[in-house]
Amino acid sequence: MNESTWARLHLELRVTGIAAPVTALAAPLAGAVLVTTLYATGAGTHNLDKAAGVVLAGFAPLGAAIAASSVVGRDPGAELVMTATVYRRVLFLRAGLVAAAAAVATLLDAVAFHAMGAWPEGQGTGGYVLVWAPPMIWLVALAMLIAVALRSSAAASGLVGGVWLAQILMDRVIRTNSVLRAQSMFMGVADRVPAHEWNVNRIALPAVGVAAVVVSGVLLRRPERFLGRDAA
Amino acid sequence: MTAVLERTTAPTAAQGWWAKTRAAARYEYLMQVRRPAVWVVVIGLIALRCAAPLPVNIGSVTDHAALVSDWAGNFMELGPIGVGAVLADRVRREARLELNDLLASTPTGIGPRLWGKAIGAGAATITPFALCWAALLGYLSTKHGAGVIPVGIEVFATVFLPGLIFVTAFSLTVPFLTGPVLFRLGLFGYWVWGNMVGPDYGIPTPAGTPFEAIGEYPIGAWFHGFMFDARERGWNATSADAVISIAFLLLTALAALATAHYVLNRRSPS
């Protein structure tokens with residue numbers, strides 16, 4: 001990367017502010033504290049493995065999604081940005097920076113959990129990435145789509161939080177339906193998953209995520225929708 | 001514009017604290033109830049929970065109290081996080097729009113503005129929740145008779161309101177410190193940990209005790225509804241437990257708002 005690219009990334013990170021990156025990092029950090037505490041207090045292997053799985057596949061993606069969607073609709077001078085550059089590119093760049101911070105922290109969590117022996121059952125070293133990255137892509141993309149469509153990061157946070165919680169509450173229902181099963185975030189937490197179900201799920205989650213990003217991009221072709229409004 | 005201004009008399013210095021709070025609450029209510037996000041999120045989450053198979057086999061329940069309270073348990077699983085999520089950005093709204101100096105020059109002080117926001121914005125966010133509940137009671141009354149309606153009103157007052165007031169108070173105070181984005185993540189984490197992660201997971205949690213916000217104790221003690229986490233602990237809810245649970249939620253909410261009022265007053269230049 002040349003100097004101007006770094007300067008641009010630095011600028012966008014500063015414009016994004018402190019709240020979004022802190023939120024993106026808070027989830028994996030809090031999760032690391034939880035799992036380390038359980039490990040230090042001698043929690044049972046089953047509970048420890050489950051906690052590590054929930055942090056990686058659930059809590060870290062949720063933090064990334066809430067943080068990434070918060071960049072939508074908060075530009076006081078959006079008109080100026082739109083006259084100088086493509087607003088869609090700016091929003092995706094900011095959301096990408098926030099999600100990337102969460103991804104790096106979650107990867108570090110995964111390595112640390114594996115070293116501690118707190119690891120979802122049946123997962124190999126591929127789980128370093130596969131347990132958390134597909135759910136993170138899916139949830140971040142979904143949050144961005146909702147935020148862009150409704151022009152509200154509050155709505156995105158609320159709905160994404162609801163979908164996340166619903167996946168926990170309705171785990172049994174989701175597993176008995178092949179369409180819903182392909183969209184399950186928490187498959188990496190399950191004790192044993194047939195290989196073909198795992199493969200379908202890990203491909204379907206990012207695929208839906210990419211589709212959501214494409215739709216968000218189409219909606220952002222009219223960035224003037226974001227002008228002159230208080231939070232919806 | 002003129003018509004809007006004519007609807008209420010602007011508060012004056014001579015008016016009492018309550019009149020100013022009422023005026024602030026009215027405007028906060030109207031601002032919040034007109035936000036599409038409030039309706040989309042709260043109704044969306046209730047619909048999401050009710051569309052899925054429910055944890056209790058509600059179709060087989062014939063007792064009015066148990067039937068209505070089991071539905072209430074389902075409303076409370078996702079609904080409050082929606083309420084908190086859309087309230088969290090109200091706290092810093094005035095600062096974000098650079099209105100603080102303007103508002104400080106009006107006769108309405110910090111106290112009426114804070115309590116008016118809590119009452120008005122809180123009531124507005126609970127409005128879609130209440131309408132969903134009324135619609136459900138209407139449907140249930142056609143199936144099981146009008147007897148479900150008074151029970152539904154009692155459930156609303158004892159199960160929903162304490163939990164929602166608790167969430168409202170913290171959503172309008174904690175974001176002063178954390179900002180809305182981090183608060184929302186914390187709220188979702190708290191809701192799962194404090195209300196759904198039962199004692200069997202081996203993590204210390206208020207879930208299943210009278211200090212949870214989901215309203216399990218009033219449901220179990222007064223309406224014979226199903227208790228999940230309390231049953232896991234082997235506890236049976238009594239009326240005293242239910243009263244403790246409600247009192248804890250309301251007093252904690254009051255303490256959060258009173259603390260925010262005190263801190264804001266101390267920081268105020270006037």
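**Note on a predicted two-chain helical model**

1. Chain A has 11 helices and 0 strands. Its order along the sequence is accordingly written α-α-α-α-α-α-α-α-α-α-α. The radius of gyration of chain A is 18 Å, close to the 17 Å that the globule rule gives for 232 residues, so chain A is as compact as a globular protein of that length. It should be kept in mind throughout that this is a predicted model.

2. The C-alpha trace of chain A spans about 55 × 40 × 30 Å along its principal axes. Of the 232 residues in chain A, 50% are buried, and the chain exposes about 10,300 Å², with carbon and sulfur atoms supplying 66% of that area. When contacts in chain A between residues at least 6 apart in sequence are considered, 71% of them join residues at least 24 apart. As for charge, chain A carries 17 positive and 12 negative charges, and the mean positions of these two sets are 7 Å apart.

3. Chain B is likewise described by helices, with 13 helices and 0 strands, and its pattern read along the sequence is α-α-α-α-α-α-α-α-α-α-α-α-α. Its radius of gyration is 20 Å, close to the 18 Å that the globule rule gives for 270 residues, so chain B is as compact as a globular protein of that length. Along the principal axes, the C-alpha trace of chain B spans about 60 × 45 × 30 Å.

4. In chain B, 53% of the 270 residues count as buried, while the accessible surface of the chain comes to about 12,000 Å², 67% of which belongs to carbon and sulfur atoms. Among contacts in chain B between residues at least 6 apart in sequence, those that join residues at least 24 apart make up 73%. Chain B has 19 positive and 16 negative charges, whose mean positions lie 12 Å apart.

5. The contact between the chains deserves a separate point. Chain B contributes 33 residues to it and chain A contributes 33 residues. Between them the two chains bury about 2,600 Å², and 80% of this area is on carbon and sulfur atoms. Val181(B), Leu185(B) and Phe188(B) together supply 23% of the area that chain B buries against chain A, which is more than any other three residues supply.

6. Ser157(A) offers a view of this contact from the side of chain A. The residue lies in helix H8 of chain A, which covers residues 153–169, and with a relative accessible area of 1% Ser157(A) is buried, since the cut-off for that class is under 20%. Apart from its neighbours within four places in sequence, Ser157(A) is in contact with Ile66(A) and Ser69(A) in its own chain and with Arg184(B) and Phe188(B) in chain B. Phe188(B) is also one of the three residues named above for their share of the area that chain B buries against chain A.

7. Thr106(A) is another buried residue, with a relative accessibility of 0%, and its place is in helix H5 of chain A, residues 87–116. Not counting residues up to four places away in sequence, Thr106(A) touches Pro28(A), Leu56(A), Ala60(A), Trp132(A) and Met136(A).

8. Two residues other than glycine have a positive phi value and may be worth inspecting. For Arg151(A), phi is near 55 degrees; this residue is found in the loop between helix H7 (133–150) and H8 of chain A, and at 29% relative accessibility Arg151(A) counts as partly exposed. For His224(B), phi is near 55 degrees; this residue is found in the loop between helix H11 (216–223) and helix H12 (229–233) of chain B, and His224(B), at 55% relative accessibility, counts as exposed.

9. A last point concerns Thr41(A), which sits in the loop between helix H2 (19–40) and helix H3 (45–69) of chain A. With a relative accessible area of 60%, Thr41(A) is exposed, because that class begins over 50%. Computed from C-alpha to C-alpha in the model, Thr41(A) and Val163(A) are 32 Å apart in space, and in sequence they are 122 residues apart.

Key
Residues are numbered from 1 along each chain as its sequence is written. Chains are lettered from A and ligands numbered from 1 in the order in which they are written. This is a predicted model: local features need pLDDT of at least 70, side-chain atom pairs count only at pLDDT 80 or more; totals for chains, interfaces and linings use all residues. Side-chain values use heavy atoms; hydrogens and water are left out. Helices (H or I, at least four residues) and strands (E, at least two) are DSSP runs, numbered from the N terminus. The radius of gyration is taken over C-alpha atoms; the globule rule is 2.2 Å times the number of residues to the power 0.38. Buried means under 20% relative accessible area, exposed over 50%, partly exposed in between (1.4 Å probe, protein chains only). Contact means heavy atoms within 4.5 Å. Accessible areas come from the Shrake-Rupley method with a 1.4 Å probe; for residues, only the protein chains shown count as cover. Lys and Arg count as positive and Asp and Glu as negative; His and the chain ends are not counted. The place of a charge is taken as NZ of Lys, CZ of Arg, CG of Asp or CD of Glu. Buried area is the accessible area (1.4 Å probe) that two parts lose on being put together, summed over both.
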